[in-house]
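Trainee: I am new to this structure and would love a close look at a single part of it. Could you pick one helix and walk me around it, then show me a few other places to compare?

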Amino acid sequence: MREHVLYEGQYLGQTIESYKTDMISVKSTLHQKFESKFHAHSNAYLSILLSGKYSETTSDSQKIVSPSNVLYRPAHHEHKNQFIAEKTKCLNIEFGSEWFHKHEIDPKKIKPQIKDIQSQPLVLRLLIDFLKHQKIDFFEELLIQFITSGEKAISPLRKPWLGKLVRILDNEIEKTHSLLTLSERVFVHPNYMLRIFKQHFGMTIGQYQMECKIKSATKKLFTEKNSITQIAADCGFFDESHFIRTFKACHSITPHQFRLLLK
């Protein structure tokens, strides 16, 4: 099929805000419910779904894109979109061909990818900076690290109890685990457990536990309409104040302010 090409700065939907440098343009766009024809963009781009939902169809696959998803699409990636929600809001970052040349990056080696923003702190920082200030500091460094990182190889957990410990922390976000209860569940002495965990992950169990809670809460701010109080409870914070302080320490913005930026 013959593709329709969108050239630099052109997107489906209505442009709300924009920011441009010589080689990168950033635009937030609003889309009503509709289905597009097959098309492609002349430049590579990164798109963050802030609210709403849409599907992306290519010649051989279909994906549902949900709030907090981050997509990287190379130039001339042919696809069509069906915007499912009444209103869908995206933040789009477009790379001119000169940008790849300047940073000695071969764009042909970067494959299409989709990730969750709560697991991408660099992109989350970029998003917050743009939505708050309509400009981005150090954005080139953030983008380079994101699009060239690929999927991180996860080193194997050679000790079975360590894998069990990680599953507990990942799957029981709503709870606050003490070292004693964790050690009893994995049948390992607390001091040994602490030492091996930090050697493997580069952080304490408490830090890992809090990181899991913040990631889960960030996802919920994108995808749920529950109150800040309820999200704090669902993610195992002591109370709403504890959640607000922790979230602001991580992202320099309160959960309420963050949610308002996404609207």
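Mentor: Here is a walk around one helix, followed by some stops elsewhere in the chain.

Please keep in mind from the start that this is a predicted model.

Let's begin with helix α9, which covers residues 240–251. This helix has twelve residues, and from its first C-alpha to its last it reaches 16 Å, close to the 16 Å expected at 1.5 Å a residue.

Now turn the helix and ask which of its residues are buried. They are His242, Phe243, Thr246, Phe247 and His251. Looking down the axis of α9, you will find these buried residues within an arc of 135°, so they line one face of the helix. The other side of α9 has Arg245 and Ala249, which are exposed. What do the buried residues of α9 pack against? Their partners are the helices α2 (121–133), α7 (205–223), α8 (228–234) and α10 (255–262).

Next, look at the two ends of α9. At its start, a side-chain oxygen of aspartate 239 reaches to within 3.2 Å of the backbone nitrogen of serine 241. The side chain of aspartate 239 also reaches the backbone nitrogen of histidine 242, at 2.8 Å. You met His242 a moment ago as one of the buried residues of α9. Aspartate 239 itself sits in the loop between α8 and α9. Is aspartate 239 buried, exposed or partly exposed? With a relative accessible area of 41%, aspartate 239 is partly exposed. In sequence, aspartate 239 and isoleucine 228 are eleven residues apart, while their C-alpha atoms are 9.9 Å apart in space. At the other end, α9 is followed by serine 252, which has a positive phi near 60°.

Helix α5 (residues 179–186) lets you repeat the exercise. Its buried residues are Leu182, Ser183 and Val186. They cover an arc of only 95° around the axis, which puts them on the same side of α5. These buried residues of α5 pack against α4 (160–171), α6 (190–201) and α7. If you recall, α7 is also among the helices that the buried residues of α9 pack against. Just after α5 comes phenylalanine 187, with a positive phi of about 60°.

Ahead of α5, have a look at histidine 177, which is placed in the loop between α4 and α5. Histidine 177 counts as buried because its relative accessibility is 12%, and the cut-off for buried is under 20%. The side chain of histidine 177 makes a polar contact of 3.4 Å with the side chain of glutamate 172. Apart from its neighbours within four places in sequence, histidine 177 is in contact with Ile168, Leu169, Glu172, Leu182, Arg185 and Gln209. Leu182 should be familiar as one of the buried residues of α5.

The cysteines make a good next stop. How many disulfides are there? The count comes to zero. For cysteine 212, the nearest cysteine sulfur belongs to cysteine 235 and is 11 Å away, whereas a disulfide needs the two sulfur atoms within 2.5 Å. Cysteine 235, in turn, is in no disulfide either, with the sulfur of cysteine 212 as its nearest at 11 Å. Cysteine 212 counts as buried at 11% relative accessibility, and cysteine 235 counts as buried at 0%.

Let's finish with strands and loops. Strand β6 (residues 54–57) pairs with strand β7 (residues 62–65) in the antiparallel sense, over four bridges. One of these pairings sets tyrosine 54 against valine 65, its bridge partner in β7. A hairpin of four residues joins β6 to β7.

Two loop residues are worth finding for their backbone. Histidine 76 has a positive phi of about 65° although it is not a glycine. You can find histidine 76 in the loop between β8 (69–73) and β9 (80–95), where it counts as partly exposed at 46% relative accessibility. Glutamate 104 also has a positive phi, near 55°, and is a residue other than glycine. Glutamate 104 lies in the loop between α1 (97–102) and β10 (113–116), and is exposed, with a relative accessible area of 75%.

Technical notes:
Residues numbered from 1 in each chain as written. Predicted model: local features only at pLDDT ≥ 70, side-chain atom pairs only at ≥ 80, totals over all residues. Heavy atoms only, no water. Buried < 20%, exposed > 50% of the residue type's maximum accessible area, 1.4 Å probe, protein only. Expected span 1.5 Å × (residues − 1). Arc of directions from axis to C-beta. Contact = heavy atoms within 4.5 Å. Polar contact = N/O pair within 3.5 Å; in protein donor to acceptor, adjacent residues only side chain to side chain. Pairing = 2+ DSSP bridges.
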